[in-house]
Every structure is written in C-alpha cells, then in structure tokens.
There are 2 protein chains.
Amino acid sequence: MELFYSPQTDGGICRLDSEESNHCVRVLRHRIGDEIHVIDGAGTLCRCELVSDAPKGAEARILETLPGWGGHPYRLTLAVCPTKNNDRYEWFAEKATEIGVDAIVPVIGERSERKVFKTDRLRKIVLSATKQSLKAQLPEVVEPMKVSAFIDAMAADDTVLKLIAYCFEDESVPRISVKQALRDFGGDRIAVLIGPEGDFSPEEARRAIAAGFRPVHLGSSRLRTETAAVTAAEAVYFQFM
Amino acid sequence: MELFYSPQTDGGICRLDSEESNHCVRVLRHRIGDEIHVIDGAGTLCRCELVSDAPKGAEARILETLPGWGGHPYRLTLAVCPTKNNDRYEWFAEKATEIGVDAIVPVIGERSERKVFKTDRLRKIVLSATKQSLKAQLPEVVEPMKVSAFIDAMAADDTVLKLIAYCFEDESVPRISVKQALRDFGGDRIAVLIGPEGDFSPEEARRAIAAGFRPVHLGSSRLRTETAAVTAAEAVYFQFM
C-alpha cells in the first residue's frame, strides 16, 4: 500500500505538492480515475480518486476519510540531544517513527558537542518512515532548543509524565527504571529527555528535577544516545501493548 | 574505559591478536606496566598488566578476573532473515548487542530476497558494539542457515521459549503479543524468529508451529525486519528489567 502525503485536504480535495505529485504521476504512473491513499499527517487517511494527474500539482477527490488510522494510544515526546554522528540521530528518528512517537525535539545540552542541528533532512526521514510504516500521523520535528528551554517549557504541564534518563554517576539521586515509572503513571502523555554522549550537566539535571522530571534509568545496559532514545520509545510502546 | 578482546586468556596471560595489539600499542600507546582491561568474549573481564608491548602480539598478565561482567539475566537467540539493505542488518546487530543478545542467526527464508550472507563484517560490528557497551560476553554470530534448518535445530529443546513473529495476514492462527508470551514464560532462555520483508512462507510457519514455536505479534506498529528484531530484543530486555 503506497501512501501520499498532503496537509491540504480541505474542501474534499487533496492537493499533492510537486514532489508527491511527481512520485504519484511520473514514478508510479497514476492517472485520472485511479484510487490513491493520502495521509494528512494529522492522523487521517483519505481514500481518494485522482482528478488531476498534473506532474507538479496532482489533485485527488476524497472518497472516504479514516481518522486515527495507524495511530497509537499514547502521546510521546522525545527530546534527544544530537549525536556526534548525524546518521545515528536520523536512524533514531526513523525507528522512533516506526515504533510510535508524536514529537521529536533536538535539544542542545551544555555538554553537547554539536550545538547546531538542521531539521530539514530529519523531516524528510520522518515523513518517509511514517508512510513506510503505514501511519497517518506525522511526528512533529521541533526546531532545536536548549535543554534548559525544553525543561522550562515542560515545567508547567502536570498532565505529562516527564522523565529524564540521566546517569547520575555519583548516585546522588535515586532513580527507578523507565518501566516502573511508566507503570506508576496512569495517564497517556509522556515526555522523555535523553542527554548527549557526555550526559547532562549537574545543573541541567537539577533544573529538570525541580521542574518535575523524574530521573529514570534504562536498565543495566550501557546504551548509546540513539539507542537510549529508541529504548525509551520501546518502553512506552510496550507499556501500552 | 577501553576494552581489548582476547579469547586466549589461559595460564594467567592474555594474548592480543595483531589488530588488538596494534590498537593497544600503536594507537593508544600503552607500554609495559600499563594496566589494561581485556574481555575474553565469554563473559569475563580481566584486569591486566601489559607485559609485552609488541605491536603485533602484545601480552598482558591477568591481575584480576571478573566473571559475568556486564551480563544480562537471560539467554536470547535472535534468528533474523537478512534485509535487502545490509546496513540495516548490521544496525540491528549493533543495537541488539548493546541491548543484550547471546546469539544472532542469519536465517534464509523461502521468500528471502538475499540468499547469501557474509558474517565476517557482522562479527567485527558485534565485537565493536560489545566493547563499546562495556560487555564481556561477545554475542555469537552463527553461520547462515535455512529457516527450516533453524526450526528443526530448535525443535527438540523444550527449555527454550520459541517465538515466531509472523504476520499471518489471513489471521488463520491466533497470536498473542510478545510481551504476553514472555510474561507467561517462567524461564530465561528465549529464541525469536524474525522473517524477511516478504514474511515467512505458510509452510515455514506451519513447520515452526509444529516444532513448538509460538506465534507472536510485536504490537500494532508495522515494523521493518531490523526494527522488529530490535523490538524483540527490547521486549526481552524489559521483561527482565
């Protein structure tokens, strides 16, 4: 099943942008009258009939809409510091999308080696993974922000389970497993903050805890940043399985 | 903490092969008298003192051995069909090693596009991931075999929880979640069989079920082969967390 993406599904018509149109008309050779499936990126699958096969601006008439198609029963935000190797971050974003994530926030920590991060390429990867894994909701890729800014932005919201995966190598702060923290939580909105290779600074950790983030560990294995992020996504996936 | 690998740890001496010796002596410039840490690949970490800094054949005297170092409380075999794109299989092997796996078996299914598979490169990746994630036990990379051969080899062993992740798109066979199957099982030895992009053939599925494999699903998300394999590893990891 081939999915196309169009955020413009108003008035019963889906308009495909030039890239999607080219793929639909030039690559897959769809013609007027063909049935195609379009996701709006907000969780709805549209079964459509192609009414214009213009290779730069194809249009399809919506025959049926299926809201919440391919969705998951939780809302997960993963705030993850960039990895030194960009491929590893892109891999995490692809896998988290396949498993089920709602927002990816590249956060820059005090100890992050990479201070700049481009989201364009990541958005393409997330869109491709969303279509490939047959989901109608496109995870949001948020513009990069400082770890402290993310913490402050989350502080007010008490309806979200806020977790920080921090090593606390000095063992000064008691941690529970992410599995236990998810089990203890009754709700379905979760945010997990994953640090850089060099971990969070003690100040960032203090700030997070003061803002209501619960320190968790991801088990006994020593995981790379991108593996920790995927493991956090899997922990939520299994909690709601 | 830098780890070196030597399967030859007999008689109180660890002998490093030319590659490990070069890394120890030429790259990291260790000299006689330096303390180094060597894993035997069988689960033991050896704290050693370098007694020969020959760049092609370094040797270290064992000061202390720590058995079961960085281990996990289960024994997991992942039999996974090769992916079209080899990088994806290597990525799975690296991540499964970080999370915790004991044996990786490349299995060739009737519907596998790739019928040949080279293990040399995969062994390098698994060794590097073992060292990087601070484990002393090197997952075994088994030589490729047919899916049917793997099924037959496992059939006799009733002490292992045998799971097959199969789509059964015809829904002819009832499946439970991998989470439930692991919960129902009291033991700690698990084998999971993951099919190719085109899934197992019905004959392979029948054969597996006849051999005592339990059909499981990995949740509602549609996962690529390599993501399914990592998700299976995570399911076991979380069961024992």
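This note walks through the charged contacts of a predicted model.

1. **Overall count.** Start with the total. Over all chains, the structure holds 42 salt bridges. The points below take up a few of them, then turn to a patch of surface charge.

2. **B:R224 with A:E94.** These two side chains meet in a salt bridge, at 3.9 Å from N to O. The pair crosses between chains. On the chain B side, B:R224 sits in the loop between β13 (214-217) and α7 (225-239). On the chain A side, A:E94 belongs to helix α2 (residues 86-99). Their cover differs in class. B:R224 has 23% relative accessibility, so it counts as partly exposed. A:E94 has a relative accessible area of 16%, and is therefore buried, the cut-off being under 20%.

3. **B:K95 with A:E226.** Here is another contact between side chains, a salt bridge of 2.7 Å from N to O. This pair also crosses between chains. B:K95 lies in helix α2 (residues 86-99) of chain B, and A:E226 in helix α7 (residues 225-239) of chain A. Are the two partners buried or exposed? B:K95 counts as buried, at 1% relative accessibility. A:E226 is buried too, with a relative accessible area of 1%.

4. **A network.** B:K95 and A:E226 also belong to a wider set. A network of salt bridges links them with A:R88, A:R224, B:E94 and B:E98. Members come from chain A and from chain B.

5. **A:R207 with A:D152.** This salt bridge stays in chain A. The closest N and O atoms of A:R207 and A:D152 are 2.8 Å apart. The pair links distant parts of the chain, 55 residues apart. A:R207 is in helix α6 (residues 202-210), and A:D152 is in helix α4 (residues 147-155). A:R207 has 32% relative accessibility and counts as partly exposed. A:D152 is also partly exposed, at 41%.

6. **A positive patch on chain A.** Which residues form the positive surface patch? They are A:R26, A:R29, A:R31 and A:K56. One of them, A:R29, lies in the loop between α1 (18-27) and β3 (35-39) of chain A. Its relative accessible area is 61%. Exposed means over 50%, so A:R29 is exposed.

7. **Points to look at in the model.** For a contact between chains with both partners buried, view B:K95 and A:E226. For a link within chain A, view A:R207 and A:D152. For the positive surface patch, A:R29 is one of the residues to find.

Conventions
Residues numbered from 1 in each chain as written. Chains lettered and ligands numbered in written order. Predicted model: local features only at pLDDT ≥ 70, side-chain atom pairs only at ≥ 80, totals over all residues. Heavy atoms only, no water. Salt bridge = Lys/Arg side-chain N within 4 Å of Asp/Glu carboxyl O. Helix = DSSP H or I, 4+ residues; strand = E, 2+ residues; numbered from the N terminus. Buried < 20%, exposed > 50% of the residue type's maximum accessible area, 1.4 Å probe, protein only. Patch = residues over 30% accessible without salt bridge, like charges linked within 9 Å, V, L, I, M, F, W, Y side chains within 5 Å. Areas by Shrake-Rupley, 256 points an atom, 1.4 Å probe, with all protein chains shown as cover. Lys, Arg positive; Asp, Glu negative; His and termini not counted. Charge placed at Lys NZ, Arg CZ, Asp CG, Glu CD.
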